[in-house]
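Student: Please take one part of this structure and look at it closely. I would like to know how that part sits against the rest of the chain.

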Amino acid sequence: MADQELFDQVGEVVRGSAPRTAGELRVQVRPSGVKVWYGDAAPPREHYEAQIVAADIVTDARVRALEIGWHAEHPREADNQALLDGLRAREPRWRAALGDDAVAGAFLGRTTWRRISETWLDPDLDGPDVPFDIGVRLVDYINALQPHRATP
């Protein structure tokens, strides 16, 4: 399955199962991933994402990795860290839903951004259930983290 088709299907899973309590759900599909957020039409600096990541920035990946989770990508590192710190302060409330695979820390490949996400090393992205598995896991992150995020 081509990556664009994969992420089109992931986007449909998210559209069908993400909560609507935080405002209008937005889904942006690209060949290398899918970005999800609530509210404004333009993607914000804070969002949920499932994306292909190059092996050279993911420890132990041979070919590529799939990252699934939440990102803070503001220009100022301090702003991103403050958002992550706010979520870490509520970690007992979301950790049980996400498990130990969720890493809270620096973004993969850009140390000024922050993430709570997991990586699947060298995944087989061709299976018939893969879009569902990715979409459901991304919605797990939305369900676990969105209630604990500060809104502007």
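Tutor: What follows is a look at one helix, then at the sheet and core around that helix. The model is predicted.

The part chosen is helix α1, residues 3-17. At 1.5 Å a residue, its 15 residues should span 21 Å, and the end C-alpha atoms of α1 are 21 Å apart, so the expected span and the modelled one agree.

Which residues of α1 are buried? They are Leu6, Phe7, Val10, Gly11, Val13 and Val14. Viewed down the axis of α1, the buried residues fall within an arc of 160°, and therefore line one face of the helix. Glu12 and Gly16, on the other side of α1, are exposed.

The cover over the buried residues of α1 includes four strands, β1 (25-30), β2 (33-38), β3 (46-54) and β4 (64-72), and also the helix α4 (130-145). α1 lies across β1, β2, β3 and β4, and runs at about 170° to β1.

Those strands belong to an open sheet of 6 strands, ordered β1-β2-β3-β4-β6-β5, with antiparallel pairing. β1 and β5 (103-107) stand at the edges with a single partner strand each, so one side of each has no neighbour in the sheet. From one strand to the next, the twist averages 30°. Within the sheet, β2 and β3 run antiparallel and are joined by 4 bridges; here valine 34 stands opposite alanine 50 in β3.

The helix α4 also packs on this sheet: α4 lies across β2, β3, β4 and β6 (110-121), at about 25° to β4.

Next comes the core. In soluble globular proteins, nonpolar side chains tend to be buried together. The largest nonpolar core in this model has 33 residues, and Val14, Val36, Ile116, Ile134 and Leu145 are those with the most contacts inside it. Two or more residues each come from α1, β1, β2, β3, β4, α2 (77-89), α3 (91-98) and α4. Of these elements, α4 gives the most, with 8 residues. Val14 thus appears twice in this account, as a buried residue of α1 and among the core residues with the most contacts.

Leucine 145 shows what such contacts look like: leaving aside residues up to four places away in sequence, leucine 145 touches Tyr48, Trp70, Leu87, Trp94, Leu98 and Ile116. A second, separate core has 6 residues, including Val53, Ala55, Ala61 and Ala65.

Conventions:
Residues are numbered from 1 along each chain as its sequence is written. This is a predicted model: local features need pLDDT of at least 70, side-chain atom pairs count only at pLDDT 80 or more; totals for chains, interfaces and linings use all residues. Side-chain values use heavy atoms; hydrogens and water are left out. The expected span of a helix is 1.5 Å times one less than its number of residues. Buried means under 20% relative accessible area, exposed over 50%, partly exposed in between (1.4 Å probe, protein chains only). The arc is that of the directions from the helix axis to the C-beta atoms. Contact means heavy atoms within 4.5 Å. A nonpolar core is a set of buried Ala, Val, Leu, Ile, Met, Phe, Trp, Tyr and Cys residues joined through side-chain atoms within 4.5 Å. Two strands pair if DSSP finds at least two bridges between them. Axes are lines fitted to C-alpha atoms, for helices over the stretch in contact, and angles run from 0 to 180 degrees between N-to-C directions.
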